[in-house]
Amino acid sequence: MTVALRLQQSLRTRLRSGQDEITVVEPQPYLTYHPLLAEVAAGTIDPRHVVVPLRRTLPDCRVLTARVTRIDHAGRRARIDAAGPGESGLTSELRYDLLVVAPGSVSRTDPVPGLAEHGLGFGTVGEAVGLRNHVLEQLDLASTTRDPELRQAALTFVFVGAGYAGVGALAELEDMARYAAKGYHNLQADDLRWVLVEATDRILPDESPELAAHTLGELRERNVDVRLRTTLESAADRLITLSDGGRFAARTLVWTAGTRPAPLLNATDLPLDRNGRIRCLPTLRIATPDGQPVPDAWAAGDCAAVPDPTAADGALCAPNAQHALAQAELLAANLLAALSGQPLRDYRPDHPACSTSLGVGRAVAHTRRGQLTGRRAWWLHRARHLRRMPSTERRVRILADWLLAAMFRREVVSLGSVEHPRAEFEAGFTEDRFHP
């Protein structure tokens, strides 16, 4: 979206006269700002405020709510499918001159028994809202049941993956659930059990060791059971089995253990590296295995294997929002430069400016001058993402959400029924309608 927005601003006259055309193909009619999903799950931000409508933001572009299923770059054409789930036969072919590939990534899942049946993802607005409702429903269940084993399972929350998404989601939800527990006569915050499982020897692998260690210490101070060098072996029948020998029942299993490139890339004739990402030059042009640019093809974001000149041993840029937004800005500038015959610039990432919220008033942040923790880091974290949000209207709405959250008590009502709006209606056909 950022690439299209920058091109729209530079080519507005040509777009409106019909000389040029920009087509954006995206399955959802909006962009999701992923770094704030944890606050959506915690109920601090309205879910609609972290999405940016594409058609409103890109009025001079042609926006197609569809899915690209194949790209034949040699023939300059893409196959798109506008069908929804369970539908078929709505495919068509789209021809193009220049290609920008940015489908991002999807959750990387492992063949763990029970994961598909009981696991929850955390990559979309719907998943964030669903997770919030699920956690609150577990508190209701634990407060109501007289079965001690069911109660303990309902109050046990397991997160697998200790990157920014996993740590941020767990910390925000733990903070929310701790507050929500005050509203139950028979629940205490200490009754809740939070478990964070990480396969490596540290959390927040993209953060500095010092901030990662500080975050680990804070989580453990909040009684979060952090299991390092541990993997999930099974979740069958909601019984969590870990590689360190741990076995316990849990009704909440959240999978945030990394990402993988979008499956679309396997249905293209574009060169991929061994990890399935598109090979790119530092200029963000797609490159052949021998380092030659592929004509008229560009890529950025999680799907792109872009060299990181600030890293040692020829490492690639990490798949995160900071790199994706910066690469998008450069890609638009380089594409315009290529069209006008100007030299291209290489991608050189700025100093680390990463941060993550750990609940209201708590965060960790990396700055050019050093590192921050606590409330100052929390303010900086919010200011950064408010500035990066690619919509002035959304910035105002998010700021209003934060101000209202500071003025009033937290809203901790579960609206799980909105995820299945026809459930009550369908139940009317299965009940005995003639019962007096």
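Buried here means under 20% relative accessible area, and exposed means over 50%. In this predicted model, select C61: its relative accessibility is 12%, so the residue counts as buried.

**Cysteines**

Keep C61 selected and add C303. The sulfur of C303 is the closest cysteine sulfur to that of C61, yet the two are 19 Å apart, too far for a bond. Now add C280, whose sulfur is the nearest one to C303, at 7.0 Å; C303 is in no disulfide. A disulfide requires two cysteine sulfur atoms within 2.5 Å, and by this rule the count is zero. C303 has 0% relative accessibility and therefore counts as buried.

**Whole chain**

Zoom out and colour by secondary structure. The protein chain contains 13 helices and 25 strands. Its C-alpha trace spans about 70 × 65 × 45 Å along the principal axes. For 436 residues, a compact globule would have a radius of gyration near 22 Å; the value for the protein chain is 23 Å, which agrees. Buried residues account for 45% of the 436 residues. Among contacts with a separation of 6 or more, 63% join residues 24 or more positions apart.

**Helices α1 and α10**

Two packed helices are described by the angle between their axes and by the distance between the axes. Select residues 2-10 for α1 and residues 321-339 for α10; the axes are 8 Å apart and the packing angle is about 40°. The crossing of α1 past α10 is right-handed. Show side chains for T2, V3, R6, L7 and S10 in α1, which meet L325, A328, E329, L331, A332, L335 and L336 in α10. By class, this contact of α1 with α10 comprises eight nonpolar, two polar and two charged residues.

**Helices α6 and α8**

Next select residues 125-144, helix α6, together with residues 164-180, helix α8. Here the axes come within 11 Å and cross at roughly 35°. The crossing of α6 and α8 is right-handed. On the α6 side, pick L131, R132, V135, L136 and L139; on the α8 side, pick L173, M176, A177 and A180, since these residues make the contact. The contact of α6 with α8 divides into eight nonpolar residues, one charged residue and no polar ones.

**Loops with positive phi**

Move to R76, in the loop between β5 (67-72) and β6 (77-81). Its phi is near 55°, a positive value in a residue other than glycine. R76 has a relative accessible area of 22% and so is partly exposed.

Then go to N223, in the loop between α9 (209-221) and β13 (224-227). N223 is not a glycine either, and its phi is positive at about 65°. With 53% relative accessibility, N223 counts as exposed.

**A236**

Where does A236 sit? Select it in the loop between β14 (232-234) and β15 (239-242). At 32% relative accessibility, A236 counts as partly exposed. Which residues does A236 touch, leaving out those up to four places away in sequence? Add P113 and G114 to the selection: A236 touches both. To finish, draw a C-alpha to C-alpha distance from A236 to L196, which gives 18 Å in space for two residues 40 apart in sequence.

Conventions
Residues numbered from 1 in each chain as written. Predicted model: local features only at pLDDT ≥ 70, side-chain atom pairs only at ≥ 80, totals over all residues. Heavy atoms only, no water. Buried < 20%, exposed > 50% of the residue type's maximum accessible area, 1.4 Å probe, protein only. Helix = DSSP H or I, 4+ residues; strand = E, 2+ residues; numbered from the N terminus. Contact = heavy atoms within 4.5 Å. Axes fitted to C-alpha atoms, helices over the stretch in contact; angles between N-to-C directions. Left-handed = near helix turned anticlockwise from the far one by under 90°. Nonpolar A, V, L, I, M, F, W, Y, C, P; charged D, E, K, R; others polar. Rg over C-alpha atoms; globule rule 2.2 N^0.38 Å.
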